[in-house]
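I opened this entry to look up aromatic contacts and strand pairing, and I start from the model itself.

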Amino acid sequence: MSGVYENPLKVFVETVQNCFDAHTAAVFVNTGHDTLKLLAYSSLSDKIISEAFIKSGQGLVGWCFRHKKFIHATDFSRDTRTLGLYKTDVGIKSFMAAPIGSAKGVIMVDSKGQYAFSEKKQGQFKSFANLSENLVDAFFHEQRLGYLNRFLENYFLLKGPPSRILEALLNITDLEIALMIRLRGHHIGVEYSLPQGILRINEALYRDVRAFGAWLFKHKKPVVTNRFKALTRLEHLKGLGPTLLGLLTEPDADGINAWVLSGKKHLLGWPKGLEQVLCDVIKVFE
């Protein structure tokens, strides 16, 4: 099975899997928060966690990333789940991983056969790791261009009624939920939401949006993060995330507006500073 993203990396990992007669070949990328995300894989297994995340230092993949060193296990005898990308133990016996660039990610292959990767194959694998850096760079470049293009396409929709602004923000980010909240004095209220009525069917969302809004109004800065609980220390929040975008716009005589977007999509390749540009561009009028 192959998956995660339809891009040249998919073809690349299929080629790596075939070249090394591997059970699984996979590329993980650095999310920027000491965490790796599975970006592309090709596997004979149907037990892959397609949205796998591995912390720096966690398991063999995380070790390879933290120490920036090639790793080769010829007689792997642990439960396969310790690798971080399998749902169950599938009997892996050999494993190789190499860092991608200085801190861009990790490429790995494994096998159900013992001593499956000779010294010659290890050298070849390191060459594939060097090649993968170019493909990872290209992927992130494409992602950044996508966000910027959608921003330009929706630029004029960011000025107008709140419902239109929320729709534009969802178009740009491809997240699932967008809300406008307002601080009047010491009271935080949710003014608009997309999808409409989402607060009626998700009680936790209303509570958590107000809690995150309080954090935004206190710190007075936009935030885009895939680990908002750790960032805000609001570990109890359950209605939001895991990805969260929070924007603030200039106060007016009636209060301060904040815009909260939430969803499951990981904002890989988010252009640096785009969240502040959105804050500067958004203008509400009926």
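I looked first at burial and found that Phe212 and Trp215 are both buried (under 20% relative accessible area with a 1.4 Å probe, protein chains only; exposed is over 50%, partly exposed in between). Both lie in helix α6 (residues 203–219), three residues apart, about one turn of the helix; helices (H or I, at least four residues) and strands (E, at least two) are DSSP runs, numbered from the N terminus.

I noted that this is a predicted model, in which local features need pLDDT of at least 70 and side-chain atom pairs count only at pLDDT 80 or more, while totals for chains, interfaces and linings use all residues. Residues are numbered from 1 along each chain as its sequence is written, and side-chain values use heavy atoms, with hydrogens and water left out.

I then searched the whole structure for aromatic pairs and found nine, where rings of Phe, Tyr and Trp (its six-membered ring) pair if their centres lie within 6.5 Å, planes under 30 degrees apart counting as stacked, over 60 as edge-to-face and the rest as tilted. The rings of Tyr155 and Phe156 have centres 5.1 Å apart and planes at 85°, so I recorded this pair as edge-to-face. Tyr155 is partly exposed at 28% relative accessible area, whereas Phe156 is exposed at 66%. Phe212 and Trp215 form a stacked pair, 5.8 Å centre to centre with 10° between the planes.

I also found that ring pairs link Phe12, Phe20, Phe70, Phe125 and Phe128 into a cluster.

Last, I checked strand β13 (residues 256–263) and found seven of its eight residues buried.
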